[in-house]
Each structure stands twice: as structure tokens, then as C-alpha cells.
Amino acid sequence: MHIPPYHKKTSWQLIFVGFFFGSILSYIIFIYMYETMYEELLQENIELSNEVTELEQTNETLLKDKEDLSEQNKQPLTISKITVEIEDPESMRIDLLMQDQLDALIREEINHVIGEEVELVSRSDKLLIAAIENKSFTLDSMSYQFTVKQIVFGPDLKIIVLPDSVR
């Protein structure tokens, strides 16, 4: 069996040269496409790893905050501020200056609850109400008595009072 000498014909030589340059060209295109795809994947991988790192840090921070809050919840809440609000001061002709002074007098009367636990003060709310209602607050030779309308317990103790009588 004899193999014909195709390598000597110019048409076959052009086909072989075309195969050679075509394979080189296709290899270059393949490398370019692979490089482009790999570059995009690498960039996406870096972005995702940065996002994962950021989310891990956020998660650690949130877990630490949760632990801190659970520790704070174990500690009892204490009263840190007292707010007194006189409702309907016009009925007893109480101006703003007198209203501020009466607020201060009422706060002085119940000032001992600052620093106490909220739960303890809420259990003794009747004593707090009695301390305000049974005391006459004297201001400019006039005595004012108040009725407690509402008490809100929390870190800020809020008391709403109504003027009851003036002597």
C-alpha cells in the first residue's frame, strides 16, 4: 500500500498551513477567552470573599452586642430621672414659673427613689402616690395639693398630677 505524496502539492500545502495557523489562532482565542473568564471569576471571588469577611465581622459585632445586652438585662433597671407633669395648670391659675417650682418641690419630695430598682418602686407605688397626695406644697404663701393621675415606671419615672386644691 502506497501513501500518496500530498505534501508535495501546493493545494495540500496550503491546507496544512491553514490548519497550522488556524490552530495557533484558535489557541490564542481560547487563551484570551479563558483569561477573560478567569479574570471575571477572580474578581467576583474577591468581591464575595470581601462580602463574607464583612458579614462575619457584622455577625461577630451583633453577637457581642447581644451578649452585652443579655448581661445588661441581668442587671436590674434603676430609676435615673424623675419627670413631673402638672396637667391642666390653668384651673388653679398656675403660671409657667410656678409650675416649674411646683415640679421641683414634688421631685424633691420623691427624690429618694432615684437609684432604686424600678421593680421595687413599682411594687410600692401606693406609698409614692400617698407621699405626693398627702403633702401640701407651699409656694408664695399658698399651699397646693395634688392628685396623682398617672405614674409611668421605667428608667425615667414619669408622674402626671392634677392640682386638687389651693389654700
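These exercises walk through salt bridges, strand pairing, the nonpolar core, a surface patch and some backbone angles.

This is a predicted model, in which local features need pLDDT of at least 70, side-chain atom pairs count only at pLDDT 80 or more, and totals for chains, interfaces and linings use all residues. Residues are numbered from 1 along each chain as its sequence is written, and side-chain values use heavy atoms, with hydrogens and water left out.

**Exercise 1. Salt bridges**

Find which residue forms a salt bridge with Glu 85, and work out which parts of the chain the pair ties together.

*Step 1.* Start with the rule: a salt bridge is a side-chain nitrogen of Lys or Arg within 4 Å of a carboxyl oxygen of Asp or Glu. The count by this rule is four salt bridges.

*Step 2.* The partner of Glu 85 is Lys 158, with the closest N and O atoms 3.6 Å apart. Glu 85 sits in strand β1 (residues 81-86) and Lys 158 in strand β4 (residues 156-166), so this salt bridge ties together parts 73 residues apart in sequence. Helices (H or I, at least four residues) and strands (E, at least two) are DSSP runs, numbered from the N terminus.

*Step 3.* Now check the exposure. Buried means under 20% relative accessible area, exposed over 50%, and partly exposed in between (1.4 Å probe, protein chains only). Glu 85 is partly exposed at 34%, and Lys 158 is partly exposed at 32%.

*Step 4.* Compare a pair within one helix. Glu 119 and Arg 123 form a salt bridge with an N to O distance of 3.9 Å. Both belong to helix α3 (residues 118-123) and lie four residues apart, about one turn of the helix. Glu 119 is exposed at 52%, and Arg 123 is exposed at 59%.

**Exercise 2. The surroundings of Glu 87**

Locate Glu 87 in the chain and list its contacts beyond four places in sequence.

*Step 1.* Glu 87 belongs to the loop between β1 and α2. With a relative accessible area of 25%, Glu 87 is partly exposed.

*Step 2.* Contact means heavy atoms within 4.5 Å. Setting aside neighbours within four places, Glu 87 touches Lys 149, Ile 160, Val 161, Leu 162 and Pro 163.

*Step 3.* One of these contacts is also a salt bridge: Lys 149 and Glu 87 meet at 2.6 Å, N to O. This pair links distant parts of the chain, 62 residues apart, with Lys 149 in strand β3 (residues 142-152).

**Exercise 3. Strand pairing**

Work out how many bridges join β3 to β4, and in which direction the two strands run.

*Step 1.* Two strands pair if DSSP finds at least two bridges between them. Eight bridges join β3 to β4, and the strands run antiparallel.

*Step 2.* For a sample pair, take Thr 147, whose bridge partner in β4 is Leu 162. Three residues connect β3 to β4 in a hairpin.

*Step 3.* On to the other neighbour: strand β2 (residues 137-139) is antiparallel to β3, with three bridges. Leu 139 has Met 142 as its bridge partner in β3. The β2-β3 hairpin has two residues between its strands, and Asp 140 in the turn has a positive phi of about 55°.

**Exercise 4. Core and surface**

Identify the element that gives the most residues to the largest nonpolar core, then the residues that make a nonpolar surface patch.

*Step 1.* A nonpolar core is a set of buried Ala, Val, Leu, Ile, Met, Phe, Trp, Tyr and Cys residues joined through side-chain atoms within 4.5 Å. The largest one has 23 residues, and those with the most contacts inside it include Leu 102, Phe 146 and Val 161. β3 gives the most, with four residues.

*Step 2.* Patches are made of residues with over 30% relative accessible area and no salt bridge: like charges are joined within 9 Å, nonpolar side chains (Val, Leu, Ile, Met, Phe, Trp, Tyr) within 5 Å. Accessible areas come from the Shrake-Rupley method with a 1.4 Å probe, and for residues, only the protein chains shown count as cover.

*Step 3.* Tyr 27, Phe 30, Ile 31, Tyr 34, Met 37, Tyr 38, Leu 41, Leu 42 and Ile 46 make a nonpolar patch of about 930 Å². Among them, Tyr 34 lies in helix α1 (residues 10-74) and is partly exposed at 45%.

**Exercise 5. Positive phi**

Place Asp 88 and Arg 93 in the chain, and give the phi of each.

*Step 1.* Most residues other than glycine have a negative phi.

*Step 2.* Asp 88 has a positive phi near 55° and lies in the loop between β1 and α2. Arg 93 also has a positive phi near 55°, and its place is in the loop between β1 and α2.

*Step 3.* Asp 88 is partly exposed at 41%, whereas Arg 93 is exposed at 76%.
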